[in-house]
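Please open the structure in your viewer and keep the selection tool at hand. The tour below proceeds from one selection to the next.

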Amino acid sequence: MAASFPNTQPTQGTTTMETPRSEEPFNLSQEVGKGFLTGSVLGPAIILARGGGIQALITHTPYASAYCAVWGATYSAIVHARRKEDTMVMTNALAFAGACGITSLPKGIPAAARSALTAGAVGVALFGGIKLLQGDARPGNLSSLQTDR
C-alpha cells in the first residue's frame, strides 16, 4: 500500500504539481537500483581517474556500488518519513551519514559511529556549501539551511 502525499493534485490553472520523484512515493527498489547503477558507473570512473589499475577497479567497484545503493535507500526512507521531497541540507546529510555508518558496520559499532559522525559533518558542509553556491542560503542565516522556502 503506497502512502499518499498531501498537495499532490494540481490546482486549477497550474501546470506543475508538488509531487515526489515517481508516481509511487516510496519505491525503495527503484531508489536502490538507481544508487547501485550510479555507483557502478561513477565508481570505476573515479578509481581510474585516481590512477588505480584493473585490480583496484575489480576490488573497489562493488563497494562503491553498494555504498551508493545504501545512500539511495536511506535517502528514500528519510523522504518517506518526512512525507515530502525537497533539497533540504539535513535530509542529504542524514542520508550520507546513515550510508557511511551502515557500510562501516562490519568494522564494528565504534567505527560505524565515527564514520557516521564524520560523514554527517562532511555532509552538512558539502550540501550546505552547494546550497550556498546556488544562492539558496546566506552564510549568517542557518534557518535557510534547515527548510526550503
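Begin with helices α1 and α2: α1 passes α2 in a right-handed crossing, a term used when the near helix is turned clockwise from the far one by less than a right angle. The model is predicted, so that local features need pLDDT of at least 70 and side-chain atom pairs count only at pLDDT 80 or more, while totals for chains, interfaces and linings use all residues. Residues are numbered from 1 along each chain as its sequence is written, and side-chain values use heavy atoms, leaving out hydrogens and water.

Select residues 28-49 for α1 and 54-82 for α2; their axes come within 7 Å and cross at roughly 145°. Helices are DSSP runs (H or I, at least four residues), numbered from the N terminus. Axes are lines fitted to C-alpha atoms over the stretch in contact, and angles run from 0 to 180 degrees between N-to-C directions. Among the residues making the contact (heavy atoms within 4.5 Å) are G35, G39 and G43 of α1 and A64, C68 and G72 of α2. This contact divides into 13 nonpolar, 9 polar and 1 charged residues. Here Ala, Val, Leu, Ile, Met, Phe, Trp, Tyr, Cys and Pro count as nonpolar, Asp, Glu, Lys and Arg as charged, and the others, Gly among them, as polar.

Next, keep α2 and add α3, residues 89-103. The two pack at an angle of about 135°, with their axes 8 Å apart. That makes α2 oblique to α3 (angles outside these ranges: under 35 degrees, roughly parallel; over 145, roughly antiparallel; 65 to 115, roughly perpendicular). The crossing of α2 and α3 is right-handed. In the viewer, display Y67, W71 and Y75 of α2, which are among the residues that meet α3, and F96 and C100, which are among their partners in α3.

Now move to α3 with α4, residues 109-133. Their axes lie 7 Å apart, at an angle of about 150°. That makes α3 roughly antiparallel to α4. Their contact includes F96 and C100 of α3, together with G120 and F127 of α4. By class, this contact has 12 nonpolar, 6 polar and 1 charged residues.

Where does the largest share of the lining of the largest pocket come from? Helix α1 supplies that share, with 9 residues. To find the centre of the largest pocket, select G39, I46, A64, Y67 and C68, the closest to it of the 22 lining residues. The lining divides into 12 nonpolar, 6 polar and 4 charged residues.

Conventions: 1 Å grid on protein atoms, 1.4 Å probe; cavity = no way out; pocket = protein on both sides within 12 Å on 5 of 7 lines; lining within 4 Å.
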